[in-house]
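This report covers a ligand site, the two domains around it and a few backbone details. The sequence and structure are shown first.

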Amino acid sequence: MITSLVKKQKDFFSSGSTKDLKFRKTYLKKLQKALTYYEDQICDTLYEDFKKPKFESLASETQFVLFELKEALKNIDSWSRPKRVSGTWINFPSSDWIYSEPYGNVLIMAPWNYPFLLSLSPLIGALAAGNTAILKPSEFTPATSGIITKIIAEIFPEEYVTVIEGGIKESQELLSQKFDYIFFTGSTKVGKIVYQKAAENLTPVTLELGGKSPCIIDNTVSIPVTAKRIAWGKFLNCGQTCIAPDYLLVHKDVKTKLVEALIKSIKELYGNSPQESPDLARIAHNSHYNTLKEMLIGEQLLFGGDFNDKTLFISPALVDEPDLKSKIMEDEIFGPLLPIISYDSEEDIKKHLSHYGKPLALYIFSKNKKFRERLLNGYSFGGGVINDTLLHITNSKLPFGGVGASGVGHYQGKYSFESFSHQKSIIKKRFWPEIPFRYAPYKVTEKIAKKLKYLFN
Ligand code: NAD
């Protein structure tokens with residue numbers, strides 16, 4: 001079934017329909033209308049999957065996607081217009097251009113943590129750029145995957161866009177096909193599998209992966225504001241955010257005050273009994289819940305860390321000075337557990353940062369500009385924020401993506417369109433004038449070249 005679907009999509013792409021801008025806009029508008037209509041139901045499915053609070057679903061999933069759609073519709077004409085660049089004297093006279101062409105038939109694979117956003121946002125880029133697409137949402141958020149399938153099937157013919165639900169088996173079957181582009185969001189481990197499969201066909205990829213994103217706090221900061229912004233960024237979506245601060249590196253002089261302020265902030269955000277709070281999501285699936293529980297074994301808790309096996313609830317937890325070799329510091333946490341590690345010197349920071357691959361995000365809280373610039377220029381990471389968390393994802397004029405272990409490529413807004421397009425370089429010449437120097441015999445050309453060298457030296 002998957003093989004015949006891929007063939008259908010390839011044939012449809014070959015028909016040239018998706019290259020027509022009017023066609024692309026018609027379908028993007030249909031999608032916009034449907035998503036607006038279904039917005040409340042999408043929020044309900046996110047709640048069903050992992051009790052995602054409605055405000056978080058609107059702010060970090062549906063409205064984000066609708067904004068991407070609006071941007072794409074507003075700019076699709078200018079994004080797809082051939083861009084003229086200046087020519088070189090070697091080719092004079094010529095006009096030089098970059099043409100954007102769709103890759104063809106693309107595969108988009110999404111994870112469960114922002115199951116709607118991370119399925120639809122890349123899809124918008126793929127369609128704006130003129131591709132056909134197969135979307136594979138996560139098996140761990142079945143209600144949301146279900147409504148995505150329903151909406152897509154209502155709007156698109158399957159030869160244009162279709163959804164394949166399922167788990168590893170379906171993913172592997174999809175990856176054994178020859179796509180023209182693969183856009184994958186998920187873990188670094190599976191990202192490597194995707195990259196290997198893509199390499200077999202030299203298929204270009206975007207890999208949006210994870211990693212341990214540090215948050216560094218020096219002794220010049222406003223403690224209450226820092227604590228509130230960290231608590232918000234860490235516990236949104238119950239810590240299941242790819243760019244959430246994974247662990248804190250805090251200057252030893254302000255650690256105690258920061259811990260007190262973090263506890264105060266968590267209580268302000270979720271009350272004295274976070275389990276009763278309507279504003280805290282749950283862990284999306286059992287196996288991840290168990291991994292998080294194991295991470296706390298043998299660790300020193302400063303606050304929180306309560307569990308409920310029935311509801312997959314974990315309360316925000318502050319973990320004191322875990323060892324670099326401990327389970328919680330081994331892998332990306334991806335949950336509401338926050339290790340707090342104190343540092344004394346920039347050497348201590350280096351020891352921690354260089355222990356891991358390049359992270360997806362890095363956050364620095366400091367009023368010391370020189371310190372901030374040293375970190376910004378001294379370390380490689382996907383993107384970040386100074387004196388706040390997560391916000392770099394909210395500006396579609398900024399490319400979003402990782403580097404090294406945290407990913408390959410980037411997207412959002414215009415960058416999505418570019419990621420799903422091949423940039424074709426074209427030089428346009430006329431038949432006149434015909435400048436003879438490039439042709440053999442080179443004797444005359446050599447003489448002129450020598451004279452020119454003499455003139456320019
Ligand atoms: P995952 O890698 O387990 O799954 C992602 C997709 O791959 C799913 O559709 C799944 O069905 C498929 N898959 C799983 N195992 C597979 C296999 N063996 N072969 C082929 N396909 C397979 O990721 P996840 O657990 O759903 O998501 C969590 C991870 O995603 C975290 O590491 C997080 O940091 C990362 N993430 C990154 C971003 C980003 O933008 N960079 C955003 C969200 C999540």
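## Polar contacts of the ligand

In this predicted model, the side chain of Trp112 places an N or O atom 2.9 Å from an oxygen atom of the ligand. Ala110 also meets an oxygen atom of the ligand, here through a polar backbone atom at 2.9 Å. A nitrogen atom of the ligand lies 2.7 Å from a backbone N or O atom of Leu209. On its own the ligand has 840 Å² of accessible area, and the protein covers 91% of that area.

## The shell around the ligand

Helix H6 (168-175), strand E6 (181-185) and helix H7 (188-200) are the elements that each give two or more residues to the shell. The largest share comes from H6, with four residues. The shell has 27 residues in total, and those that come nearest to the ligand are Ala110, Glu139, Ser187, Leu209 and Glu332.

By residue class, the shell holds 16 nonpolar, seven polar and four charged residues. Both domains take part: domain 1 (2-209 + 404-422) and domain 2 (214-398) each supply at least three residues to the shell.

## How the two domains meet

The domain assignment makes domain 1 from two segments, 2-209 and 404-422, while domain 2 is the segment 214-398. The C-alpha centres of the two domains are 30 Å apart. At their interface, 22 residues of domain 1 are in contact with 25 residues of domain 2.

About 2,000 Å² is buried between domain 1 and domain 2, and carbon and sulfur atoms give 56% of this area. Which three residues supply the most of the area that domain 1 buries against domain 2? They are Phe50, Glu56 and Trp112, with 26% between them. Trp112 therefore appears in two places in this report: with a side-chain N or O atom within 3.5 Å of a ligand atom, which counts as a polar contact, and among the residues of domain 1 that bury area against domain 2.

## Backbone details in loops

Two cis peptide bonds precede prolines. One joins Phe92 and Pro93, with omega about -5 degrees; Pro93 is in the loop between strand E1 (83-85) and strand E2 (95-102). Another joins Ala440 and Pro441, again with omega about -5 degrees, and Pro441 sits in the loop between strand E18 (421-428) and helix H15 (443-456).

Asn237 is not a glycine, yet its phi is positive, at about 60 degrees. This residue belongs to the loop between helix H8 (223-235) and strand E9 (247-251).

Technical notes:
Residues numbered from 1 in each chain as written. Predicted model: local features only at pLDDT ≥ 70, side-chain atom pairs only at ≥ 80, totals over all residues. Heavy atoms only, no water. Near = heavy atom within 4 Å. Polar contact = N/O pair within 3.5 Å; in protein donor to acceptor, adjacent residues only side chain to side chain. Areas by Shrake-Rupley, 256 points an atom, 1.4 Å probe, with all protein chains shown as cover. Nonpolar A, V, L, I, M, F, W, Y, C, P; charged D, E, K, R; others polar. Domains from an automatic or database assignment. Contact = heavy atoms within 4.5 Å. Buried area = accessible area lost by both parts, 1.4 Å probe.
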